[in-house]
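Colleague: I'm new to this one. Could you walk me through how to read it, feature by feature?

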Amino acid sequence: MAIVVLLAAGALLSLVLQSRYDIDREARNRSVSVAQTFARSLGLQEALRSPDPSAVLQPLAEETRRAAGVDFIVVMDTRGIRYSHPQPDRIGERFIGTIEPSLAGRVHTESVEGPLGKEIQAIVPVTSPEGDVIALVSAGLTVESVTGIAERQLPVILLAITGGLALATIGTALITRRLRRQTHGLGTHEMTRMYEHHDAVLHAVREGVLITDGEGRLLLANDEAGRLLGLPDDAEGRPVDKVGMDPRMAELLLSGRVATDEVLEAGDRLLVVNQRPTRPQGRPQGSAVTIRDSTEMQLLSSRAETARRRLKLLYDAGGDVGTTLDVVRTAEELADVAVPQLADFVTVDLADPVLKGDEPGPGADMRRTAVSGIRSDHPLYPLGSLIDFLPSTPQARGYGTGAAELVPDLHDAPGWHAQDPPRASAIVGYGIHSLIAAPLKARGVVLGVVNFWRSQKPEPFDEEDLSLAEELVGRAAVAMDNARRYTHEHNLAVTLQRSLLPQDLPEQSAVDVAHFYQPAQSGVGGDWFDVIPLPGSRVGLVVGDVVGHGLHAAATMGRLRTAVHNFSSLDLPPDELLARLDTLVQRMDQEGDSAAPNGGILGATCLYAVYDPISQNCAMARAGHMPPFVVAPDGSTTISELPAGPPLGLGGMPFETMELRLAEGSQLVLYTDGLVEERSRDIAEGMEKLRTALSHPDRDPHASRRAVLEALLPSCPSDDIALLIARTRTLGAGRVAQWDVPFDPSAVGALRGLTAERLEEWGLQELAFTTELILSELITNAIRYGAAPVRVRLVRDRTLTCEVWDASSTAPHLRYAATTDEGGRGLFLVAQLSEVWGTRYTPEGKVIWAEQVLPTAGGALA
């Protein structure tokens, strides 16, 4: 009855609380509904725009409040000033409550202490057709009203609880009477039969049962308990420690403590014991004990646990070994996964060529590549040692035959001791007593040997351990061979890539250059850079990127770099050079290179810039490449607004050249996207970090390069990185001579004299005759076949350059003149007297130039 009363009281409390919660929730829902309905009512917005909104809204709000059954409806402006209120003297005052969520367009409900007392209110926004919040409406009930509703429902709840309590009491009485009548109706015969049945069951179960009293006497022992404990027939009634059972079992029974699935050894059996205290019929406390034999189960469980551990080791190896395409890292992962699950120490010895990506040959020396163990003070060969195993050792035999060998006792292994007797004695003295040497064999090639050493466990390795080691090493060998093949291909690609990149930048006077290149960790790509000397002391700067990685990307990069060199020799402007390069990439696509990714479709970007140290102009064009940075001498850094242009190979879109005038000492920074883009940051963040690293005055290119790499170079780059920083120089007026030539053949003589005077000032008298002859022929050709105006320029740099400008675009051609021809030998003479000559075209016409080697201090030509 006490329990029923407690349950009834709890039910009453729960129902009251639930009723109040439901009423509170209903009050909030009603407040929201009334407020939303009033906020959307017709004429509300017109009333808000009227001169006196309160005069219209107050009666309307009161009428709606009484009809809706709420205690208040308040209309307010967006500042919370009331237009209506059940208490008219509150109109014009600030609303009490939180209006910010509703000003943001949301419905908000809350409980506050308002003018009517504690209130539950909802605030909803009034929005204009454009979606702006123009006013707020609040409706709600006072807590007094909510509480009154709950109290009116309380009698009904109490009546229901009282009825339930009465029914429970009557039911309990009837059931109790019925049970008593059934129990007291049993006769002696029936009770005896019940006892016999229980006794039969007690002695038939395959689990021992013992009952002891508080004085330590054995009251009951079934047949299974007698068999398991070896009890005599008269054990019942005797003290537990006097019936001949195992002392540990007797100690547990006498202690009376609680035991749950406690395992005890009794003779050659493993017994699982459960013990619970009892107090039968108020007598001194005793114990009820159950015993079951788990000897066979323990053996099976041990074998299952061993199998589980081995399967887990293989499973872990599948996920932990071969996570990278690095030979050394794969060896380390193999050694780590096997300690201590299989062995106490593991060493991995690989044939030395394998570390370079090559296939090992017979008899190759082994290099200790990985060592892992439970301790670090072992006497095994240290990491990195080059070991030449003798033919008598299990390692050499395993490497030669590809079969694993088990050495159960290293004390008795003369062939292994012969390798290094002092070290072998130290290993045995350290406690290492057993060895498995398993060769790493994949695709018919033995890459090395894995050694499993045991010291902590006293038992040696057995055949099951050997089988597990072979399975583990066999799986790891495939990952090792994949890493070796990747290393081989990576080394080939790196070698090819570096051979295709400039080894030493050519000498030139236009810019000071610092550069950097690093291939991606996952494979060499197609990034490249170049510095190309051009006629007239100009220089071409190139950075490009071929999409993809591997040998194909590196080979494609080499073809594009060669093409840029060839096109630059034609002295083409940047946009025209990129147009020709675009045509070349399209032709390469049409060749259908099956080795290319994506079925032969190439993708490449390129930026080409030409800097003239005389005019300080820099002409640039790019094909889908990253824009360059320009660092002024004062350290201010800007991104050049160079038109992007499409990537190479798309075709159909022209490229656009942009010209900049660079002050002396400015730095032009060209780079590939691998520098500024990586997984941990987006490209915009990388560009900002690059700009910050460059924004320092008075830095040479090498200092700028170091700052950029410190700020942006990732530890494991996922893409190639190419960086080219060029600081501009100028050729002063003292190294350049320029004259305008009258469009008259008679002006050639005067120019010869001016040229001789300037060469004498420069100390180049040895070149006066040939220079005068070259200029005579070039000026004569310009006047005869070209168009005015004509201009001559001499440039003294690493070479002496003669340039003749005219307004004609007619291309000069070198030809052999017949013996009877009166002309046609001018360009032939120029070609013979100069080191190199050529033509470049400008928007105003063309320039024919010729370069001569400067004489050395001794008078010979440099």
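Modeller: Sure. Let's begin with a term: a residue counts as exposed when its relative accessible area is over 50%, and as buried when that area is under 20%. Keep in mind that this is a predicted model.

Colleague: Let me try that on a residue. Is Pro-391 buried or exposed?

Modeller: Pro-391 has a relative accessible area of 69%, so it counts as exposed. You'll find Pro-391 in the loop between β12 (386-387) and α12 (394-401). Leaving out residues up to four places away in sequence, Pro-391 touches Ala-396 and Arg-397. Look at Trp-416 too: Pro-391 and Trp-416 are 25 residues apart in sequence, and their C-alpha atoms are 9.5 Å apart in space.

Colleague: And for the other end of the scale, does Gln-58 count as buried or exposed?

Modeller: Gln-58 counts as buried because its relative accessibility is 14%. Gln-58 sits in helix α3 (residues 53-68). Setting aside residues up to four places away in sequence, the contacts of Gln-58 are Tyr-83, Ser-84, His-85, Pro-88 and Ile-91.

Colleague: How do I read empty space in a model?

Modeller: The general idea is to roll a probe the size of a water molecule over the atoms, which shows where empty space is left. A cavity is space that the probe fits into but cannot get out of, while a pocket is open.

Colleague: Pocket to start with, then. What volume does the largest pocket have?

Modeller: The largest pocket has a volume of about 600 Å³. It is lined by 21 residues, and the closest to its centre are Arg-538, Ala-619, Glu-659, Thr-842 and Pro-843. Three strands, β19 (604-612), β20 (617-623) and β29 (836-842), supply at least two lining residues each. By class, the lining of the largest pocket has ten nonpolar, four polar and seven charged residues.

Colleague: How many cavities of 30 Å³ or more does the structure hold?

Modeller: Two. The largest cavity has a volume of about 130 Å³. Its lining is made of 13 residues, with Tyr-381, Trp-416, Gln-419, Ile-427 and Trp-453 nearest the centre. You met Trp-416 a moment ago, as the residue whose C-alpha is 9.5 Å from that of Pro-391.

Colleague: Which helix gives the most to the lining of the largest cavity?

Modeller: That's α14 (residues 421-430), with three residues. Sorted by class, the lining of the largest cavity has seven nonpolar, three polar and three charged residues.

Colleague: And the second largest cavity?

Modeller: That one holds about 50 Å³ of space. Its lining includes Phe-72, Val-74, Arg-82, His-85 and Gln-121. Strands β1 (72-76) and β3 (117-127) are the elements that give two or more residues to this lining. The lining of the second largest cavity divides into six nonpolar, three polar and two charged residues. His-85 is also one of the contacts of Gln-58.

Colleague: Next, sheets. What should I look for?

Modeller: Strands of a sheet pair through backbone hydrogen bonds, either parallel or antiparallel. Here, try the open sheet of five strands, with the order β6-β5-β9-β8-β7 and antiparallel pairing.

Colleague: Why do β6 and β7 have one side without a neighbour in the sheet?

Modeller: β6 (218-221) and β7 (259-266) stand at the edges and each has a single partner strand, so one side of each is left without a neighbour in the sheet. From one strand to the next, the twist averages 25 degrees. To follow one pairing, take β5 (residues 208-212), which runs antiparallel to β6 and is joined to it by three bridges. Within that pairing, Thr-212 stands opposite Leu-218 of β6.

Colleague: Last topic: what about backbone oddities?

Modeller: Most residues other than glycine have a negative phi, and most peptide bonds are trans. Asp-261 is not a glycine, yet its phi is positive, about 50 degrees. Asp-261 belongs to strand β7, and it is partly exposed, with a relative accessible area of 43%. Arg-443, also not a glycine, has a positive phi of about 55 degrees, and it lies in the loop between β14 (434-442) and β15 (445-454).

Colleague: Where are cis peptide bonds found?

Modeller: One joins Val-339 and Pro-340, with omega about 0 degrees. Pro-340 is in the loop between α10 (327-337) and β10 (345-351). Another runs from Ala-788 to Pro-789, with omega near 0 degrees. Pro-789 lies in the loop between α22 (768-785) and β27 (790-796).

Definitions and conventions. Residues are numbered from 1 along each chain as its sequence is written. This is a predicted model: local features need pLDDT of at least 70, side-chain atom pairs count only at pLDDT 80 or more; totals for chains, interfaces and linings use all residues. Side-chain values use heavy atoms; hydrogens and water are left out. On a 1 Å grid over the protein atoms alone, a cavity is a set of points where a 1.4 Å probe fits but cannot get out, and a pocket is an open set with protein on both sides within 12 Å along at least five of seven lines; lining residues have an atom within 4 Å of a point. Grid points are joined across faces, edges and corners, and a volume is the space filled by probe spheres set on the points. Helices (H or I, at least four residues) and strands (E, at least two) are DSSP runs, numbered from the N terminus. Ala, Val, Leu, Ile, Met, Phe, Trp, Tyr, Cys and Pro count as nonpolar, Asp, Glu, Lys and Arg as charged, and the others, Gly among them, as polar. Buried means under 20% relative accessible area, exposed over 50%, partly exposed in between (1.4 Å probe, protein chains only). Contact means heavy atoms within 4.5 Å. Two strands pair if DSSP finds at least two bridges between them. Axes are lines fitted to C-alpha atoms, for helices over the stretch in contact, and angles run from 0 to 180 degrees between N-to-C directions.
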